[in-house]
Amino acid sequence: MKCPKEVVLKNGREAMIRALEPSDQQALIRFYEKVPESDRWFMRYDVLDPKTIQKWIDGIDTGTVHSLIALCDGEIVGHASLHLRQAGCTKHIGRIRIMILPEFRHMRLGTWMMLDIIKLAMDLGLEELRADFVAGIEDAAIEAAVKLDFFERAELRNYVKDSCGNLHHLVIMSKRLHKNWGDF
């Protein structure tokens, strides 16, 4: 993946996508403070805890998590990560997570970031990617993933709860990777 990369969003604004760096720690904290509680609720980590962000920053050079950020006007507006296992039966599968600020959604920023994560996963020799989505909450993201050849592996009915205690289905999707773009 070529970094940094400038992209033009649907509204004509420009954004830059690049790898997360240690100097981005405070900006990443500010980014997650802007993410609505309703979106943070479904994340696996407490992103408002500075220790969580510190752990991600400390892990930049470990090779287990690769993070990209999208910047617009000098502020982080998107964060994507590729999580790897170093050993075991799923070391050929990467897990992806993408969070975009609400005002930058539906502008193809998430798609640009997902394409870069896919390319990175291919470069790392992974065979498959996995992404988990909450049905009814992340339907636009599910639709975008389908357009990039992700397919539904499973739906865990009434599996996750929101902050009000309402149950939602968890949709597990995956994408088989090719050795290079010419294999598509």
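**Exercise 1. In which strand is the place of Ser174? Determine also whether Ser174 is buried or exposed, and list its contacts.**

Solution. The model is a predicted one.

Step 1. Ser174 belongs to strand 8, which covers residues 167-176.

Step 2. The relative accessibility of Ser174 is 2%. Buried means under 20%, so Ser174 counts as buried.

Step 3. Set aside the neighbours within four places in sequence; Ser174 is then in contact with Glu128, Leu129, Arg130, Asp149, Phe150, Phe151 and Arg153.

Step 4. Glu128 is also joined to Ser174 by a polar contact between the two side chains, at 3.1 Å.

**Exercise 2. Describe the salt bridge between Lys119 and Asp123, and place both residues in the structure.**

Solution. Side chains of opposite charge can pair when their charged atoms come close.

Step 1. For Lys119 and Asp123, the distance from N to O is 2.7 Å. A salt bridge needs this distance to be within 4 Å, so the pair qualifies.

Step 2. Both residues lie in helix 4 (residues 109-123). They are four residues apart, so about one helical turn separates them.

Step 3. Lys119 has a relative accessible area of 24% and is partly exposed. Asp123, with 44%, is partly exposed too.

**Exercise 3. Which parts of the chain does the pair of Asp132 and Arg44 tie together?**

Solution.

Step 1. The side chains of Asp132 and Arg44 form a salt bridge with an N to O distance of 3.1 Å.

Step 2. Asp132 is located in strand 6 (residues 128-134), whereas Arg44 sits in the loop between helix 2 (37-40) and helix 3 (50-58). The pair therefore ties together parts that are 88 residues apart in sequence.

Step 3. Asp132 has a relative accessible area of 21%, which makes this residue partly exposed.

Step 4. Arg44 and Asp132 belong to one network with Arg95 and Arg130, joined by salt bridges that share partners.

**Exercise 4. Is Arg18 buried or exposed? Treat its salt-bridge partner Glu21 in the same way.**

Solution.

Step 1. A salt bridge of 3.7 Å, N to O, links the side chains of Arg18 and Glu21.

Step 2. Arg18 has 14% relative accessibility and counts as buried, because buried means under 20%.

Step 3. Glu21 counts as partly exposed at 37% relative accessibility.

**Exercise 5. How many salt bridges does a search of the whole structure find?**

Solution. The search finds 14 salt bridges. Among them is the one between Arg18 and Glu21.

Key: Residues are numbered from 1 along each chain as its sequence is written. This is a predicted model: local features need pLDDT of at least 70, side-chain atom pairs count only at pLDDT 80 or more; totals for chains, interfaces and linings use all residues. Side-chain values use heavy atoms; hydrogens and water are left out. Buried means under 20% relative accessible area, exposed over 50%, partly exposed in between (1.4 Å probe, protein chains only). Helices (H or I, at least four residues) and strands (E, at least two) are DSSP runs, numbered from the N terminus. A polar contact is a pair of N or O atoms within 3.5 Å; within protein, one must be able to donate a hydrogen and the other to accept it, and residues adjacent in sequence count only if both atoms are side-chain atoms. Contact means heavy atoms within 4.5 Å.
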